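Let's walk through this one together, a helix pair at a time, with a few stops at odd bits of backbone along the way. Keep the viewer open and turn it as you read.

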Amino acid sequence: MVKRPTRLRRSQTIRQLVKETRLHMDQIIYPVFVVDGKNIKEEIPSMKGQYHYSVDRLLEDIDTLWNFGIHSLLVFATTEHKSVNGKSGAQANGLVQKAIRGIKEKKPQMTVIADVCLCTYKEDGHCCIFREDMEIDRIKTLDVLSQIALSYAEAGVDMVAPSDMMDGRVAAIRESLDAQKYEHVGILAYSAKYASAFYGPFREAAHSAPAFGDRKMYQMDPANQREALKEIQLDIEEGADIVMVKPAMAYLDIIHAASEQVETPIAAYQVSGEFAMLRQAVDTGILDQRAVYESLLAIRRSGATIIITYFAKELQGILDKEAGL
Ligand code: PBG
């Protein structure tokens, strides 16, 4: 019998019928940047359409974001309240804590996830505390990370997202949360986080570029796949509820390999550099906006359940267009 695959591509409705991969706003997380102060909504120069929000202005936009179909936020702080060891991140009345409380009050249905790391809070911009001999002080680092996670939990966060890549941090955070009756607070672990050049625009946005050296001592080597599977496995054993691969587009093989091996939901982070590249190409007319859809579809197809993307605000419109609506 002659095979004619094109029969299933004849019309939009037939194509929709046989579509193997779908994107849905329910599985999208939108990252937001909060800053100190009041009445601030400033576009981040390296990330068009993304803003530095003071908490009051973010709250003003919450309904709009919700109406775009965004039901989960990942909160980042860009704060000038820094300290030597990052402990300023654990203040009950800190910036992220205020944002969490505000969002939860205004829109309780919104899932609020908050990034847990030392780099935004430490004067040297590193994700860990160093000993005098410049080795990582793991115990001290885990202690501060746990304190920050706990203060987010007290503010009402749904999940904490440790992005530091320190060994054992998921277990340490899980233990601290459980000890303080925060068993219901989830952990979305940045499990396979690569030392990537694609974070450039974010570091500008978060003012978190390291003051010396780089992050290769703790973030993963882009050359490694098997190591990613080990990191993911470890985080699951330590209690991660969701594991993440980051960046996404240049790491589809990692997402795919992980999805074949683990049952835990996998999130993929389409990071600032990936966003900036596509944004620029679409805005200058080099690429059609459909390239955005295609990039997210590929991330999904490779095995990610959840996608964290700066394109979240315009995605529903893109999906409607793709469906021919
Ligand atoms: C902080 C953190 C980074 C990102 C998320 N959390 C930057 C980094 O590790 O340097 C990157 C996000 C993006 O590029 O969109 N550890």
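R138 is partly exposed, because its relative accessible area is 35%. Bear in mind as you look around that this is a predicted model. R138 sits in helix α4, and setting aside residues up to four places away in sequence, R138 touches D167 and G168. For a sense of scale, try D253: R138 and D253 are 115 residues apart along the chain, and their C-alpha atoms are separated by 30 Å.

Staying with α4, look at its partner α5. Two packed helices are described by the angle between their axes and the distance between the axes. For α4 and α5, the axes come within 9 Å and cross at roughly 45 degrees, which makes α4 oblique to α5. The handedness of the α4 and α5 crossing is right-handed. Which residues meet here? From α4 come L142, L145, S146, A149, L150 and A153, and they meet R169, A172, I173, S176 and L177 of α5. Sorted by class, this contact of α4 with α5 has eight nonpolar, two polar and one charged residues.

Now for some backbone. Most residues other than glycine have a negative phi, and most peptide bonds are trans. With that in mind, stop at M134, in the loop between β5 (111–116) and α4 (138–155). M134 isn't a glycine, yet its phi is positive, about 70 degrees. Another one to check is M165, in the loop between β6 (159–162) and α5. Phi of M165 is also positive, near 70 degrees, and again the residue is something other than glycine. Are these two methionines buried or exposed? M134 is partly exposed, since its relative accessible area is 38%, while M165 is buried, since its relative accessible area is 4%.

Next, swing over to helix α7, residues 226–238. How does its length hold up? At 1.5 Å a residue, the 13 residues of α7 should span 18 Å, and the end C-alpha atoms are 19 Å apart, so the two agree. Just after α7 comes G239, with a positive phi near 115 degrees.

Part of α7 is tucked away: A228, L229, E231, I232, D235 and E238 are buried. What do the buried residues of α7 pack against? Their neighbours are α5 (169–179), β7 (186–193), β8 (242–246) and α8.

The α8 side deserves a longer look. Helix α7 (residues 226–238) and helix α8 (residues 252–261) pack at an angle of about 45 degrees, and their axes are 10 Å apart. At that angle, α7 is therefore oblique to α8. As for handedness, α7 passes α8 in a right-handed crossing. On the α7 side the contact uses A228, L229 and I232, and on the α8 side I254, A257, A258 and Q261. By class, the contact of α7 with α8 has six nonpolar residues, one polar and no charged ones. A228, L229 and I232 were also among the buried residues of α7.

Before leaving this region, zoom in on the loop between β8 and α8, where you'll find P247. The peptide bond leading from K246 to P247 is cis, with omega near -5 degrees.

One more helix pair is left on this tour. Helix α10 (residues 290–301) and helix α11 (residues 312–322) pack at an angle of about 95 degrees, with 10 Å between their axes. That angle means α10 and α11 are roughly perpendicular to each other. The contact brings together R290, V292, Y293 and L296 of α10 with L315, I318, L319 and E322 of α11. By class, the contact of α10 with α11 has six nonpolar, no polar and two charged residues.

Finally, pick out A312, which belongs to helix α11. Is A312 buried or exposed? A312 is buried, because its relative accessible area is 0%. What does A312 touch, not counting residues up to four places away in sequence? The residues in contact with A312 are M25, I28, Y30 and I70. For a last distance across the model, go from A312 to D178: the two are 134 residues apart in sequence, and 32 Å apart in space, C-alpha to C-alpha.

Notes
Residues numbered from 1 in each chain as written. Predicted model: local features only at pLDDT ≥ 70, side-chain atom pairs only at ≥ 80, totals over all residues. Heavy atoms only, no water. Axes fitted to C-alpha atoms, helices over the stretch in contact; angles between N-to-C directions. Helix = DSSP H or I, 4+ residues; strand = E, 2+ residues; numbered from the N terminus. Parallel < 35°, antiparallel > 145°, perpendicular 65-115°, else oblique. Left-handed = near helix turned anticlockwise from the far one by under 90°. Contact = heavy atoms within 4.5 Å. Nonpolar A, V, L, I, M, F, W, Y, C, P; charged D, E, K, R; others polar. Expected span 1.5 Å × (residues − 1). Buried < 20%, exposed > 50% of the residue type's maximum accessible area, 1.4 Å probe, protein only.
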